[in-house]
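Okay, thanks everyone, I'll keep this short. Let me put the structure up and then we'll walk through it together.

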Amino acid sequence: MSLIYRRKANQSKIMDTVYDYFGEMRPFVKRIDKKWLIPLMVFLKTIEWSIYRWYKTPVRRFYGIKGNELIYMITSRCNERCAKCGIWKNPESDTEHLQIAAFIDCLKTLHHNLYQVTLTGGEPLLFMKDVLLIAEEAAVHKVPMIIVTNGVLVTEDFLKRYAELGHILVFSIDTLEKEKWGNFRGKDTYDKVMSNLQLAHKFLGGKLRIQSVYAEETKNDIPKIKELCKQMNIQHVSQPYMDFGGVWHGVKQIYENKNDNIICAARKNICIYPNGDVVKCFDHYRIPLAKESLGNIEKENIIEILCRKRSTEISKIMKTCNFPCKYLSCNVPEIVYE
């Protein structure tokens, strides 16, 4: 795929168009085994290229129609101190926190490409006003949205508005035993979260989910949580434990029956940190080329960031990734949340 793009055809220079065309045709021709088919295949490919070049935005051509998930870690701050997670240990300062207008612009630019927007943290509801602005914008563009929350800050007013917008809310719950709760969460918020869960179920119904981290510490708790979800007629999602600075332990057996040949779909993700930095995956540090961010949406247009050479090279590398993180829901979101 060519790495030279302009957002609209009328922004393009002639040589950009030439480089774009031959940059796509050369590798395409090399993949054709039967040489006598080359003229016909190039003709058909030229038609396809022309349609995408002049009719579709370039970023859609590369990433696909409705082929991306936009994941925004809106904050690394948190009101809990979960043992499974270390993100809360390094909260961003006020000066490092992205202005909400920059993310709204990013969402507006990409909405044709997105099948889903996910807000995570830290605790997203620490910025409840911003979260609702994003939820409203997503609803305007008919992009489904998911918020993953610890459930402590949920309020009736928030739930009423969020329910009107038709998005999904995910409570993170790893045990139903009150004695374990304080150790897991670092705070005694069991009663508050359970009360808010019932309140959320009242307003959201089937748009409510529960997500649990499957670890050595929780493997005996998960069946009870699943049973609660069954009783409430809501969906439960189990995520394998990943080391994000926590002190829990992964369950090795979870990978024994997994297909190691699956391609990491997270290469199509667009992940944004609290300061606006853009990466393909929050585990990007595992890939040497991806240690630095691709850019920052407060300083640059998201299209320019995604169409850079390094961005496309990282996507190619991620096709062969075999890290455990490929088993997270961001790799199979349609299956997990639909």
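I'll start with the sheet, move on to the helices that sit on it, and end at a surface patch.

Keep in mind that this is a predicted model. So, what's the strand order? We've got nine strands in an open, mixed sheet, and they go β6-β5-β4-β3-β2-β1-β7-β8-β9. At the edges you find β6, residues 235–240, and β9, residues 295–296, each pairing on one side only.

On top of that, helix α4, residues 100–110, packs on the sheet and touches β1, β2 and β7. Its direction makes about 175° with that of β1. Then there's helix α9, residues 222–232, which packs on the sheet against β5 and β6, and its direction makes about 170° with that of β5.

Now let's follow a few neighbouring pairs. β3, residues 145–149, runs parallel to β4, residues 168–172, with four bridges between them. Look for Ile146 there: it sits opposite Ile168 in β4. β4 and β5 are parallel too, again with four bridges, and Leu169 has Leu208 in β5 as its bridge partner. Carry on to β5 and β6 and you get six bridges, also parallel; here Val213 faces Gln239 in β6.

Is β5 enclosed or open? Six of its seven residues are buried, so the rest of the structure largely encloses β5.

Last stop, the surface. Ile14, Met15, Val18 and Phe22 make a nonpolar patch of about 390 Å². Ile14 belongs to helix α1, residues 14–30, and it counts as exposed because its relative accessibility is 69%.

Notes
Residues numbered from 1 in each chain as written. Predicted model: local features only at pLDDT ≥ 70, side-chain atom pairs only at ≥ 80, totals over all residues. Heavy atoms only, no water. Patch = residues over 30% accessible without salt bridge, like charges linked within 9 Å, V, L, I, M, F, W, Y side chains within 5 Å. Areas by Shrake-Rupley, 256 points an atom, 1.4 Å probe, with all protein chains shown as cover. Salt bridge = Lys/Arg side-chain N within 4 Å of Asp/Glu carboxyl O. Helix = DSSP H or I, 4+ residues; strand = E, 2+ residues; numbered from the N terminus. Buried < 20%, exposed > 50% of the residue type's maximum accessible area, 1.4 Å probe, protein only. Pairing = 2+ DSSP bridges. Contact = heavy atoms within 4.5 Å. Axes fitted to C-alpha atoms, helices over the stretch in contact; angles between N-to-C directions.
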